[in-house]
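Trainee: Before we use this model for anything, could we go through the labels attached to it and ask what each one rests on?
Mentor: Gladly; here it is, and we can take the labels in turn.

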Amino acid sequence: MLPIKYFTVFGLNSAVGVGFAYIYTLTFFGAFLALMGKFEEQQRNSITLMRMSRGRDIMDPQSDEKP
């Protein structure tokens with residue numbers, strides 16, 4: 001350990017803070033991805049969480065309407 005107590009306390013607090021942020025990020029981000037996956041399966045908007053209409057799909061070439 002360092003001879004100056006202030007540096008030791010700062011280092012330990014920094015390590016605990018970084019560890020807490022890492023664990024919090026992993027758990028929160030994982031839960032957020034799971035919820036967004038469920039909302040995507042239900043075809044909900046990612047911002048308002050309201051159901052989207054089943055209109056023309058721009059990724060599906062057969063859904064193009066031809067005049």
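Trainee: Why does Phe20 count as exposed?
Mentor: This is a predicted model, and in it Phe20 has a relative accessibility of 59%; the label exposed is given over 50%, so Phe20 counts as exposed.

Trainee: Then why is Tyr24 described as partly exposed?
Mentor: The relative accessible area of Tyr24 is 47%, and since buried requires a value under 20% and exposed a value over 50%, Tyr24 falls in between and is therefore partly exposed.

Trainee: What makes Phe20 and Tyr24 a stacked pair?
Mentor: Two rings pair if their centres lie within 6.5 Å, and planes under 30 degrees apart count as stacked; the centres of Phe20 and Tyr24 are 6.1 Å apart with the planes at 15°, so the pair is stacked. As for their place in the chain, Phe20 and Tyr24 are 4 residues apart in helix H1, which means that about one helical turn separates them.

Trainee: How do you know that Tyr24 and Phe28 are stacked as well?
Mentor: Their ring centres lie 5.9 Å from each other and the planes make an angle of 10°, which meets the limits of 6.5 Å for pairing and 30 degrees for stacking. Tyr24 and Phe28 both lie in helix H1, again 4 residues apart, about one turn of the helix.

Trainee: How many aromatic pairs does the rule give, and which residues form the aromatic cluster?
Mentor: The count comes to 3 aromatic pairs, and one aromatic cluster is formed by Phe20, Tyr24, Phe28 and Phe32. These four residues, Phe20, Tyr24, Phe28 and Phe32, also form a nonpolar patch on the surface, with about 490 Å² of accessible area together.

Trainee: What makes the length of H1 agree with that expected of a helix?
Mentor: H1 has 37 residues, and at 1.5 Å a residue these should span 54 Å; the end C-alpha atoms are 54 Å apart, so the two values agree. H1 covers residues 5–41, and the protein chain has 1 helix and 0 strands.

Trainee: Where does the transmembrane label come from, and how much of that region is helix?
Mentor: The label comes from UniProt, where an unreviewed entry places the feature "transmembrane region" at residues 6–35. In the model, residues 6–35 are 100% helix and 0% strand, with the end C-alpha atoms 43 Å apart.

Trainee: What is notable about phi at Gln43 and Leu49?
Mentor: Most residues other than glycine have a negative phi. Gln43, just after H1, nevertheless takes a positive phi of about 55°, and Leu49, found in the segment after H1, has a positive phi near 60°.

Trainee: Are Gln43 and Leu49 buried, exposed or partly exposed, and why?
Mentor: Gln43 stands at 36% relative accessibility and Leu49 at 33%; because partly exposed lies between the limits of 20% and 50%, both residues take that label.

Trainee: What share of the protein chain is buried, and what supplies its exposed area?
Mentor: Buried residues make up 1% of the 67 residues, while the chain exposes about 6,700 Å², of which carbon and sulfur atoms supply 67%.

Terms used:
Residues numbered from 1 in each chain as written. Predicted model: local features only at pLDDT ≥ 70, side-chain atom pairs only at ≥ 80, totals over all residues. Heavy atoms only, no water. UniProt positions renumbered as here; feature names shortened; annotations may be inferred. Helix = DSSP H or I, 4+ residues; strand = E, 2+ residues; numbered from the N terminus. Buried < 20%, exposed > 50% of the residue type's maximum accessible area, 1.4 Å probe, protein only. Areas by Shrake-Rupley, 256 points an atom, 1.4 Å probe, with all protein chains shown as cover. Phe/Tyr/Trp six-rings, centres within 6.5 Å; stacked < 30°, edge-to-face > 60°. Patch = residues over 30% accessible without salt bridge, like charges linked within 9 Å, V, L, I, M, F, W, Y side chains within 5 Å. Salt bridge = Lys/Arg side-chain N within 4 Å of Asp/Glu carboxyl O. Expected span 1.5 Å × (residues − 1).
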